[in-house]
Amino acid sequence: MGAHSRAVRRLALFGFSTLATPAFAETSTINAADTAWMIVATALVLMMTIPGLALFYAGMVRKKNVLATMAQSLSAVALISILWVAYGYSLAFVGDGSWIGTLDRWFLAGMTMETVNPAAKTIPEALFMLYQMTFAIITVALVAGSVADRMRFSAWLWFSVGWFTFVYVPLAHWVWGGGFLQTMGVLDFAGGLVVHLSAGIGGLVAAKVLGNRHGYGAENLAPYDLALAVIGTGMLWVGWFGFNGGSAVTASPRAVMAITATHLSACAGALTWAALEWSTRRKPSVLGMISGAIAGLGTITPASGFVAPWAGILIGIAAGAVCFWACTSLKQRLNYDDSLDVFGVHGIGGITGTLLCGVFAAKAIGDSSGLLEGNPQQLLTQFYGVAIAFAWTAVVTYVLLKLVGAFAPLRVSLQQELEGLDISQHGEALQ
């Protein structure tokens with residue numbers, strides 16, 4: 001009798017599964033290959049912040065500020081992750097308003113294992129949310145490089161909350177979430193405007209508001225350990241495959257083309273920066289080579305899913321040359337202390353890459369044509385996107401810094417700066 005009952009139950013379950021499976025197949029669009037690739041891409045982009053960016057930045061500050069610099073990257077991961085789940089994702093990617101999204105997904109309300117976002121129909125919505133979270137994290141963390149060695153940790157946390165809320169989230173919605181820049185046709189595959197331009201401009205404004213480091217231009221502020229920075233560069237470089245390749249949101253030929261263009265641009269950027277140093281200073285520095293690689297990676301980002309690999313090489317050459325100029329001549333001319341050259345590398349790189357996307361965009365790759373394919377309007381559209389993102393980021397960053405500064409000092413005291421932020425802000429130090 002027991003065996004008969006088990007057989008009946010098995011038959012019933014089999015019948016239910018054969019009836020239910022076709023219905024589920026009709027309604028579900030989740031693809032296993034896309035999901036697997038995007039899980040990997042999400043992990044790669046998270047690795048870009050910790051430990052990638054943390055090591056990259058820590059290796060370029062002085063020994064007394066290594067832990068404080070790492071703490072800024074670590075805090076960005078923890079803080080922005082919670083804010084993204086609370087309201088950032090919903091405002092950026094839920095709803096189709098021209099200026100901002102909705103709060104329908106407040107704390108992920110209504111999200112299930114089966115729901116998908118219209119921007120990523122073949123992967124679970126929770127995975128798309130996580131992937132976009134890693135972009136928000138690294139963008140905020142990038143800004144910290146401009147104010148390294150002198151910003152109070154408490155001020156950094158308050159500034160991060162405001163900057164994420166009023167700069168990053170609106171830009172993400174405008175460009176990627178159905179906002180007005182996306183509607184008018186601005187191309188930004190993986191973050192030329194949303195990530196690099198915003199971080200660079202935000203960093204420049206922050207550096208000007210906080211003022212130069214003590215001894216800037218007069219004392220030796222050489223990096224503590226470039227070996228750490230080189231390791232960080234390697235992690236960033238590998239992570240960028242998920243950053244740009246994952247922005248296709250599918251395991252597809254377009255993702256492969258984006259990765260190929262990304263790698264070639266990084267190589268061209270590193271070689272170009274090294275060549276310029278060789279010709280002007282007689283020696284190509286390790287710092288210059290890794291700076292050129294990061295410049296190539298940041299500059300190709302907005303164009304990576306729209307251009308052919310050969311264009312990636314040209315964009316990398318442009319990145320190495322333009323960002324080298326920005327970090328040397330322009331920086332001296334304007335006399336700003338952007339500690340780790342966030343503006344010179346990411347800001348200028350993001351602007352350059354966004355504009356060059358309007359030149360090299362190939363319809364066969366990204367379904368959009370640029371200037372070289374007879375569509376000069378795209379370049380004008382890219383200019384418009386750059387202008388809007390530049391102005392919004394600059395104004396909001398300045399206002400936020402003034403607001404935070406009205407309640408608490410933005411900068412550590414001179415004595416704290418001299419003894420180092422590791423001790424003054426965290427009570428720890430490398431021995």
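1. In the account of pocket linings that follows, Ala, Val, Leu, Ile, Met, Phe, Trp, Tyr, Cys and Pro count as nonpolar, Asp, Glu, Lys and Arg count as charged, and the others, Gly among them, count as polar. By this division, the lining of the second largest pocket has 14 nonpolar, 7 polar and 2 charged residues. Please keep in mind while reading that the structure is a predicted model.

2. To begin with the chain as a whole, the protein chain holds 16 helices and 0 strands. Its C-alpha atoms fill a box of roughly 90 × 55 × 40 Å when this is taken along the principal axes. For 431 residues, a compact globule would have a radius of gyration near 22 Å, and the 23 Å of the protein chain agrees with that.

3. On burial and contacts, 56% of the 431 residues of the protein chain count as buried, while the surface that the chain exposes comes to about 17,600 Å², with carbon and sulfur atoms supplying 70% of it. Among contacts between residues at least 6 apart in sequence, 77% join residues that are at least 24 apart.

4. The largest pocket has a volume of about 720 Å³. It is lined by 28 residues, of which Leu-287, Cys-327, Lys-331, Ser-339 and Asp-341 are the closest to its centre. Sorted by class, this lining has 14 nonpolar, 8 polar and 6 charged residues. At least two lining residues come from each of helix 2 (32-58), helix 9 (253-281), helix 10 (286-300), helix 11 (309-334) and helix 12 (342-360), and the largest share, 5 residues, is that of helix 11.

5. The second largest pocket, whose classes were given in the opening point, has a volume of about 470 Å³. Of the 23 residues that line this pocket, Trp-176, Gln-182, Asp-188, Phe-189 and Ser-247 are the closest to its centre. Helix 4 (125-143) and helix 5 (153-176) each supply at least two residues of the lining, and helix 4 gives the most, with 4 residues.

6. A single residue can also be followed in detail: is Met-47, which has its place in helix 2, buried, partly exposed or exposed? Its relative accessible area is 24%, and because buried means under 20% and exposed means over 50%, Met-47 counts as partly exposed. Leaving aside residues up to four places away in sequence, Met-47 touches Gly-52, Met-235, Val-238 and Gly-239. The C-alpha atoms of Met-47 and Leu-236 are separated by 7.6 Å, although these two residues are 189 residues apart along the chain.

Conventions: Residues numbered from 1 in each chain as written. Predicted model: local features only at pLDDT ≥ 70, side-chain atom pairs only at ≥ 80, totals over all residues. Heavy atoms only, no water. 1 Å grid on protein atoms, 1.4 Å probe; cavity = no way out; pocket = protein on both sides within 12 Å on 5 of 7 lines; lining within 4 Å. Points joined across faces, edges and corners; volume = space filled by probe spheres on them. Buried < 20%, exposed > 50% of the residue type's maximum accessible area, 1.4 Å probe, protein only. Contact = heavy atoms within 4.5 Å. Rg over C-alpha atoms; globule rule 2.2 N^0.38 Å. Areas by Shrake-Rupley, 256 points an atom, 1.4 Å probe, with all protein chains shown as cover.
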